Structures are given as structure tokens and as C-alpha cells.
Amino acid sequence: MNKIIIVGGGSAGWMTAATLIREFPDRDITLIESPNIQITGVGESTTQLIQRWIDWLGIELKDFMPHTDATFKLSVRFQDFYKKGEYYHYPFGDTDTTDHVAGLNDWWFRKILKPNIPNSEYADCICPSMALVNQNKFNPNQRFGFHFDAVKFGLWLRDNYCIPRGVKHIKEEVSSIQQDDDGIVSLNKKYSADLYIDCTGFKSLLLNETLKEPFISYEDMLPNNNAWVARVPYTNKEKELKNYTDCTAIENGWVWRTPTWSRMGSGYVYSDKFVDDDTALKEFKNHLGRDDLEFRKIKMRVGIHKRLWVKNVVAIGLSAGFIEPLESNGLYSVHEFLNYLIRNMQREKVSQFDKDNFTYACRQEFENFAEFVALHYSLSHRDDTEYWKANFNKTWSNDVIERKPSLTVGINSAIKYRAFDFTHSPNNDIHYIAAGNNWAPTDKLSLLQRSNLDDIDSFLKIASMLMVSKKQKWINEAEKFPSLYQYLKENYYNA
């Protein structure tokens with residue numbers, strides 16, 4: 001594996017090149033991309049886990065943020081997913097159950113006492129960073145993700161990280177691919193390598209079109225397969241530049257809004273089983289309240305290939321698989337799959353067992369994330385359109401649980417913890433989604449049956465009082481920090 005060719009640029013291609021040149025600086029790494037592909041960035045959202053990848057590369061925030069329109073993200077807000085008029089947050093950062101009498105269940109005890117408190121309060125009482133989110137403040141010591149222009153991010157990696165470290169860059173259309181029984185032999189009859197990495201997007205030029213690796217569709221579980229996207233200018237940046245990704249469920253899917261520094265990116269994710277493209281565009285325009293923008297349609301392929309390392313070809317990014325963009329999984333799968341790739345390239349040679357290990361790890365990661373996304377739909381109580389009615393009546397047990405057991409964040413895990421442990425696990429983030437959808441892990445009857453407490457009401461009141469007191473402390477601490485807009489302007493965008 002001394003000579004490696006990456007086919008395809010974009011964020012996946014240049015993230016792959018950056019990872020490989022960082023881990024294997026002495027290897028011959030070349031990236032070939034078409035000179036004819038022009039992509040306009042809309043605005044992409046990441047998870048907080050991209051931080052460790054950026055830190056591992058040794059990249060400073062001040063070096064890339066001003067060049068990629070980057071802003072900080074502390075949470076994801078879900079509006080109208082459970083019911084119209086209700087919202088909840090999935091914040092980043094650790095939960096804090098210090099002084100709680102029963103861990104995460106303390107809030108549910110509070111809910112038993114006061115059934116009318118909004119579900120959105122759960123995150124406020126469990127996660128300290130929500131005090132920052134609610135005030136639109138920023139603390140640099142807080143865990144965070146990013147909103148940025150993914151196209152600009154790829155270009156920055158190309159010019160400031162990859163090429164200076166020795167990655168060769170060729171702009172040329174791959175018009176012919178030569179292969180034999182061992183895989184690909186050359187590209188355009190002149191570029192040869194030991195390993196070829198497919199970063200050609202949904203097209204999947206090497207793995208799918210050339211090696212014909214089967215694709216496993218997740219359409220039964222996640223039917224959304226199209227998106228209309230647009231760039232939305234600010235009318236009041238200081239007010240509209242939020243420290244979270246905003247996701248709003250509408251008639252036949254949901255709309256995202258990601259605030260980068262210069263403008264907002266927005267997109268309507270929907271299923272063509274329930275709405276045609278023209279009607280979807282009208283719904284999107286109506287939601288935005290404007291039709292004077294440039295709108296672009298994206299066809300999505302939701303699922304993953306059966307194998308991700310076939311012969312001498314590896315797929316990374318959209319060419320490997322894709323889950324609809326709820327919960328910002330696009331770049332997440334890129335840096336996580338790359339972690340598994342370099343782990344399986346550490347020895348002198350790569351055996352079939354190593355290749356299969358890579359596929360197993362990526363498929364497991366992908367499966368868990370797909371089920372985590374599906375959980376947002378399976379817990380919804382909306383049935384006001386045919387789209388939401390079909391989701392409400394969906395037989396999830398056949399489509400999801402029997403697919404295979406999930407290890408960490410899937411629907412299987414959520415059901416197990418709730419049904420047998422009477423709590424949602426603090427080791428994953430299911431509990432935020434469950435609370436937002438009022439999916440209680442415990443109730444007063446269960447408490448009476450499973451405890452020796454003589455005075456349940458007093459116990460619940462103590463738990464509630466301690467939680468509310470701590471929540472107020474977080475609010476007071478957050479007040480001393482600058483707004484997100486102020487922090488970005490002073491530290492990265494001196495304008």
C-alpha cells in the first residue's frame with residue numbers, strides 16, 4: 001500500500017488525503033479529480049466528534065475558520081418533530097447529574113409531579129451547555145461542532161494541508177478504468193496504485209460502477225431521498241446567527257438551517273413517495289417565506305454498499321453510503337470511516353481479514369447512526385399529512401429491530417434500556433431524543449413497584465428542587481460569556 005490514488009475531491013477526498021498524509025507521510029499519495037465539477041457550498045453541519053480529527057491533524061481553528069465561513073455549533077434543535085408547536089434540543093457536551101438522586105430519571109420525576117412542563121426543559125436541566133444555547137452565548141472551553149462551507153473546507157485542506165505535505169494533485173477526468181481479477185490496474189491507462197480510494201460521491205465510480213459491489217438500500221427505514229437546497233442571506237446577522245442547527249418538520253419531511261458566517265444554508269429533505277419535486281419546492285419556498293433565491297435539487301441515495309473494501313478499492317464518503325442529513329452524519333461518516341481505514345493499514349500487508357474488519361466496523365457505525373436518525377421518526381406522534389401518517393403507522397419492529405441488534409445508539413438499545421432498566425442510558429444520546437418525544441422511561445407506578453420508599457411524593461420533590469437549583473446556576477454562569485456573534489467577530493472575523 002505504498003502508492004495510493006484518491007479519485008474525487010470535495011470534502012471527502014481532501015479529508016481522506018489529509019488523513020493519509022498525516023498518518024503515512026512517506027507514502028506516495030495522489031488525488032485525481034475532474035476539472036469540470038463546480039459545486040456551490042450550501043452550508044454543512046458537523047457533530048462535535050470532528051474536533052478530535054482536527055486536533056489529531058494539528059490544525060488550529062484560527063487557520064481554517066475564517067477561510068471556510070465557519071461558526072460554532074453547540075446543539076441541534078428539532079421543531080415540530082414530536083408534535084406541531086413543540087421543540088427539543090440535542091446539545092453537545094457532557095450531562096451533569098451531580099447531586100441527582102436517580103441520575104437522568106430525576107427530570108422524569110419532576111415531570112411526574114408537573115406533567116405540563118414542556119419536554120424541551122429536559123436538556124436544560126441535564127446539560128450545562130444548554131444555558132449557553134438558550135442565551136446564544138459561546139464558551140470556547142465547551143465541546144462544539146461547526147457550521148461551515150464544506151466546499152471551502154475541502155479547498156482549504158487541499159491548499160494549506162495536503163499539497164504542502166506532499167499530496168500530488170491531478171485535475172483530469174477519469175474516462176477509462178482498467179482492471180483484472182485483483183481489482184483496478186490503472187486509470188486512463190497511465191495512473192496506477194496499490195490502493196484506490198473512491199471519493200466520487202453518489203456516483204461511486206470505482207466501487208459501484210466498476211466493481212459492481214451491491215448496494216443495500218435503507219429506504220424501508222429512512223424513505224427521504226431528495227432535497228431542495230438554497231443559500232439564505234442574513235437580514236440581521238447578529239440575531240439570526242445561532243449556535244445550533246435548526247431542523248423543522250414540515251408537510252413531507254423537514255428543513256435544516258445552518259448559519260455560517262456570511263449566510264445561512266438551508267435545505268428541504270423529503271420523500272418522492274409522498275410529494276413531487278415541484279410541490280416540494282413550493283413547500284420549501286413557503287417555509288422560507290421567499291422565492292427569490294437560487295434553488296438546487298439533490299437526489300440522495302440512502303444506504304450503504306455491502307462491502308466497503310473490495311479487492312484494492314476502498315470507498316469513503318457518499319460513494320460508501322449515506323444517511324439522510326438529520327443529525328449531521330455526512331462528514332461524521334467520513335472521518336470515522338477514515339479512522340477505521342488507517343487502523344487496518346497499520347501492518348506490513350493488508351489481508352482479506354483486515355479488509356473485512358474495515359467493512360464490519362464501518363457498517364456497524366453506519367447502522368447505529370441510521371437507527372439513531374430513525375428514532376427521531378419512530379417516536380413522532382405527527383399524523384397530519386400522508387407522509388407523517390405513514391410514519392406514525394409504520395411497523396418499525398420488522399424494519400428496524402429485526403434488521404440486526406444494534407450496539408450503542410440504535411432503536412434496539414433504546415427499547416432495552418427503557419423496558420428492562422427503567423432508564424435511558426447516559427452513555428449515548430438517545431435520552432435527549434426520548435425526552436423530546438415524551439417517551440418516559442419510568443412512571444409513578446414503576447417507582448412504587450421498584451422502590452422501598454414510603455413517601456414517593458417527597459422523594460420526587462427533592463429531586464426536582466435540586467435539579468432546578470442547578471439549572472439556575474448554569475444560567476447565571478452563562479451570562480458572563482459573549483454572544484456567538486461577538487466571539488466570532490472578535491476572534492476570527494475582525495470586521
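Begin at V101, in the loop that runs between β6 (87-91) and α4 (105-113). The model on screen is a predicted one. With a relative accessibility of 39%, V101 counts as partly exposed. Add I462 and L466 to the selection: together with V101 they make a nonpolar surface patch of about 240 Å².

**Helix α18**

Select residues 456-478 next; this is helix α18, and I475 has its place there. I475 is partly exposed, its relative accessible area being 25%. Beyond its neighbours within four places in sequence, I475 is in contact with A131 and Q135. For a sense of scale, display M15 as well: its C-alpha lies 38 Å from that of I475, and the two residues are 460 apart in sequence.

Remain on α18 and show the side chain of K471, which forms a salt bridge with E121, the closest N and O atoms being 3.6 Å apart. The pair links distant parts of the chain, since K471 belongs to helix α18 and E121 to helix α5 (residues 121-126), 350 residues apart. E121 is buried, with a relative accessible area of 9%.

**The open sheet**

Turn now to the strands. An open sheet of 6 strands follows the order β8-β2-β1-β11-β20-β19, with mixed pairing. Its edge strands are β8 (168-171) and β19 (309-310), each of which pairs on one side only.

Within this sheet, select β11 (residues 195-198) and β1 (residues 3-7), which run parallel and are joined by 4 bridges. Here I4 stands opposite L195, and V7 stands opposite D198. Strand β20 (residues 313-315) also runs parallel to β11, and 3 bridges join the two. D198 appears again in this pairing, where it stands opposite A315.

Is β11 covered on one face or on both? Both faces are covered: L195 and I197 on one side, and Y196 and D198 on the other, are all buried.

**Helices α11 and α12**

Select residues 330-343 to bring up helix α11, whose 14 residues reach 21 Å from first C-alpha to last, close to the 20 Å expected at 1.5 Å a residue. The helix is mostly covered, with 11 of its 14 residues buried. Among the buried residues are L331, H335, E336, F337 and Y340.

Move on to helix α12 (residues 352-378) and pick out D354. D354 is buried, with a relative accessible area of 7%. Apart from neighbours within four places in sequence, D354 is in contact with N344, R347 and K349.

**Further salt bridges**

The model holds 21 salt bridges in total. Show D149 and R263, which form one of them, with the closest N and O atoms 3.0 Å apart. D149 sits in the loop between β7 (145-148) and α7 (150-162), and R263 in the loop between β15 (253-259) and β16 (264-270), so that distant parts of the chain, 114 residues apart, are linked. D149 is buried at a relative accessible area of 3%, and R263 counts as buried at 6%.

Next select D272 and K299, another salt bridge, whose closest N and O atoms are 3.0 Å apart. Because D272 lies in the loop between β16 and α10 (277-288) and K299 in strand β17 (residues 295-299), the pair ties together parts that are 27 residues apart in sequence. D272 counts as partly exposed at 37% relative accessibility, and K299 is partly exposed with a relative accessible area of 46%.

Finish at K84, R382 and D384, which are linked in a network of salt bridges.

Notes. Residues numbered from 1 in each chain as written. Predicted model: local features only at pLDDT ≥ 70, side-chain atom pairs only at ≥ 80, totals over all residues. Heavy atoms only, no water. Patch = residues over 30% accessible without salt bridge, like charges linked within 9 Å, V, L, I, M, F, W, Y side chains within 5 Å. Areas by Shrake-Rupley, 256 points an atom, 1.4 Å probe, with all protein chains shown as cover. Salt bridge = Lys/Arg side-chain N within 4 Å of Asp/Glu carboxyl O. Buried < 20%, exposed > 50% of the residue type's maximum accessible area, 1.4 Å probe, protein only. Contact = heavy atoms within 4.5 Å. Pairing = 2+ DSSP bridges. Expected span 1.5 Å × (residues − 1).
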